Amino acid sequence: MSLVSALLQELTDARATNYLIVVAASLVVFDHIITIQQEVDLIWRNPWNLTSFLYIWNRYYTLIVMV
């Protein structure tokens, strides 16, 4: 395999990886948008407990890490 074809393959793989990252981020944001009302009703309007904390941590830590 020549150096040029290896470089082209690396660039193609990098592009595919970037597309997949954008797709994953879009799905996470879409999920947040469509479930925000349920979150408000079930988590934010009730007293805090360990389950609420873990839910919020898991939900928003994902967004923070993706940024």
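This report describes the fold, the salt bridges and the nonpolar surface of a predicted model.

## Overall form

The protein contains two helices and zero strands. Its radius of gyration is 19 Å, well over the 11 Å that the globule rule gives for 67 residues, so the protein is more spread out than a compact globule. Along the principal axes, the C-alpha atoms fill a box of roughly 65 × 20 × 15 Å.

Of the 67 residues, 12% count as buried. The protein exposes about 5,800 Å², and carbon and sulfur atoms supply 71% of that area.

## Helix H1 and its kink

Helix H1 covers residues 3-44. A kink of about 55° is present in H1, and Thr35 is at its centre. Thr35 is also one of the buried residues of this helix; the others are Val28, His32, Glu39 and Ile43. These buried residues pack against H2. An α-helix has 3.6 residues a turn, so residues three or four places apart point the same way.

Several other positions in H1 are not buried. Ala25 belongs to H1 and is partly exposed, because its relative accessibility is 23%, between the 20% limit for buried and the 50% limit for exposed. Val40, also found in H1, has a relative accessibility of 23% and counts as partly exposed too. Leu42 has its place in H1 as well, but at 59% relative accessibility Leu42 counts as exposed.

## Distances along and between the helices

Three C-alpha distances help to place these residues. Val40 and Asp13 are 27 residues apart in sequence, and their C-alpha atoms lie 40 Å apart in space. Ala25 and Asn58 are 33 residues apart along the chain, with 15 Å between their C-alpha atoms. For Leu42 and Ser52, ten residues apart along the chain, the C-alpha separation is 8.9 Å.

Ala25 and Leu42 are both in H1. Helix H2 takes in residues 50-66.

## Salt bridges

How many salt bridges does a search of the whole structure find? The search finds three. One of them is formed by Asp31 and Arg59, whose closest N and O atoms are 4.0 Å apart. This pair links distant parts of the chain, with Asp31 in helix H1 and Arg59 in helix H2, 28 residues apart. Asp31 counts as partly exposed at 36% relative accessibility, whereas Arg59 is buried, with a relative accessible area of 7%.

The side chains of Glu39 and Arg59 meet in another salt bridge, with an N to O distance of 2.4 Å. Glu39 lies in helix H1 and Arg59 in helix H2, so this pair ties together parts that are 20 residues apart in sequence. Both Glu39 and Arg59 are buried. A further salt bridge joins Asp41 and Arg45, with the closest N and O atoms 3.2 Å apart. Asp41 is partly exposed, with a relative accessible area of 33%, and Arg45 is exposed, with a relative accessible area of 60%. Salt bridges that share partners join Asp31, Glu39 and Arg59 into one network.

## Nonpolar surface patch

Which residues make the nonpolar surface patch? Trp44, Trp48, Leu50, Phe53, Leu54, Trp57, Tyr61 and Val65 make it, and the patch has an area of about 920 Å². Helix H2 supplies the largest share of the patch, six residues.

Trp44 is a patch residue that is found in helix H1. Trp44 is partly exposed, with a relative accessible area of 42%; this is over 30%, so Trp44 passes the accessibility cut-off for a patch.

## Summary of the helix contact

The links between H1 and H2 are of more than one kind. The buried residues of H1 pack against H2, and these buried residues include Glu39. Glu39 also meets Arg59 in a salt bridge. Arg59 forms a salt bridge with Asp31 as well.

How values were computed: Residues numbered from 1 in each chain as written. Predicted model: local features only at pLDDT ≥ 70, side-chain atom pairs only at ≥ 80, totals over all residues. Heavy atoms only, no water. Patch = residues over 30% accessible without salt bridge, like charges linked within 9 Å, V, L, I, M, F, W, Y side chains within 5 Å. Areas by Shrake-Rupley, 256 points an atom, 1.4 Å probe, with all protein chains shown as cover. Helix = DSSP H or I, 4+ residues; strand = E, 2+ residues; numbered from the N terminus. Buried < 20%, exposed > 50% of the residue type's maximum accessible area, 1.4 Å probe, protein only. Rg over C-alpha atoms; globule rule 2.2 N^0.38 Å. Bend = angle between axes of the 7 residues up to and from the residue. Contact = heavy atoms within 4.5 Å.
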